[in-house]
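Hi everyone, thanks for making time for this. I'd like to walk you through one model today, so please have your viewers open.

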Amino acid sequence: GLTMPFTFTPPFAQKPETASAVVTGATTVAGDAPANTVLLFTAGANGAILTSLNAIPRGTVTAAGLVLFISNDAGVTKRPKKSKTMAAYNAATTAAIPDTVFSEYSETTPLRLGANEQVHVGCLVAQAAGVVFNAEYTDY
């Protein structure tokens, strides 16, 4: 009969995680070392899948581009992966705070990350109140 020289056990995403980060400074996208990005999370040793990403202002903000960056060298090189526009918002106790959702990423269409890849985030306009990015992901 046939014998297998090794056993194969596929890795399955198994460790649910959440992460949040606050961005206040104006991020750049030119070059491989954009200014004022913030580390959101680092994938585990076997990689991860990002299944949810959103951003929500902590107070009054002006309209701005929000950017998701990926780094596969511990943050030395950060390249833009996805961007969304966050609408302007005037903080008020009687209005919902707008939520900017990166809807491309979900349980059925996750962003796949390699081993130890990092997800950094940024806002193209400085926001004194800050913008909170929230992620749900699962390590392998």
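I'll start with the whole chain and then visit a few residues.

Please keep in mind that what you see is a predicted model. So what is the secondary structure made of? The protein has nine strands and zero helices. Reading along the sequence, you simply meet one β after another: β-β-β-β-β-β-β-β-β.

For those of you who like to set up a box, the C-alpha atoms fill roughly 70 × 35 × 20 Å along the principal axes. The protein has 140 residues, and 41% of them are buried. On the outside, about 7700 Å² is exposed, with carbon and sulfur atoms supplying 55% of that area.

Now for contacts. If we take those with a separation of 6 or more, 79% are between residues 24 or more positions apart. As for charges, there are 8 positive and 9 negative ones, and the mean positions of the two sets lie 4 Å apart.

Let's zoom in on Lys-81, which sits in strand β5, residues 79-86. Is Lys-81 buried, partly exposed or exposed? Its relative accessibility is 45%, and because exposed would take over 50% and buried under 20%, Lys-81 counts as partly exposed. Leaving aside residues up to four places away in sequence, Lys-81 touches Leu-68, Phe-69, Ile-70, Tyr-105 and Leu-111. You can also look across to Val-119: this residue is 38 residues from Lys-81 along the chain, and their C-alpha atoms are separated by 9.5 Å.

Next, please turn to the surface. Which residues form a nonpolar patch there with Val-29? They are Leu-124 and Val-125, and together the three have about 200 Å² of accessible area. Val-29 itself belongs to the loop between β1 (15-23) and β2 (38-42). With 41% relative accessibility, Val-29 is partly exposed.

While we're in that loop between β1 and β2, have a look at Asn-36, which is there as well. The phi of Asn-36 is near 60°, so we have a positive value in a residue other than glycine. Why point that out? Because most residues other than glycine have a negative phi.

Asn-116 also has a positive phi, near 60°. You'll find Asn-116 in the loop between β7 (111-113) and β8 (118-123). How accessible are these two asparagines? Asn-36 has a relative accessibility of 44%, so it counts as partly exposed. For Asn-116 the value is 44%, and it too counts as partly exposed.

That's my tour, and I'm happy to take your questions.

Notes
Residues are numbered from 1 along each chain as its sequence is written. This is a predicted model: local features need pLDDT of at least 70, side-chain atom pairs count only at pLDDT 80 or more; totals for chains, interfaces and linings use all residues. Side-chain values use heavy atoms; hydrogens and water are left out. Helices (H or I, at least four residues) and strands (E, at least two) are DSSP runs, numbered from the N terminus. Buried means under 20% relative accessible area, exposed over 50%, partly exposed in between (1.4 Å probe, protein chains only). Contact means heavy atoms within 4.5 Å. Accessible areas come from the Shrake-Rupley method with a 1.4 Å probe; for residues, only the protein chains shown count as cover. Lys and Arg count as positive and Asp and Glu as negative; His and the chain ends are not counted. The place of a charge is taken as NZ of Lys, CZ of Arg, CG of Asp or CD of Glu. Patches are made of residues with over 30% relative accessible area and no salt bridge: like charges are joined within 9 Å, nonpolar side chains (Val, Leu, Ile, Met, Phe, Trp, Tyr) within 5 Å. A salt bridge is a side-chain nitrogen of Lys or Arg within 4 Å of a carboxyl oxygen of Asp or Glu.
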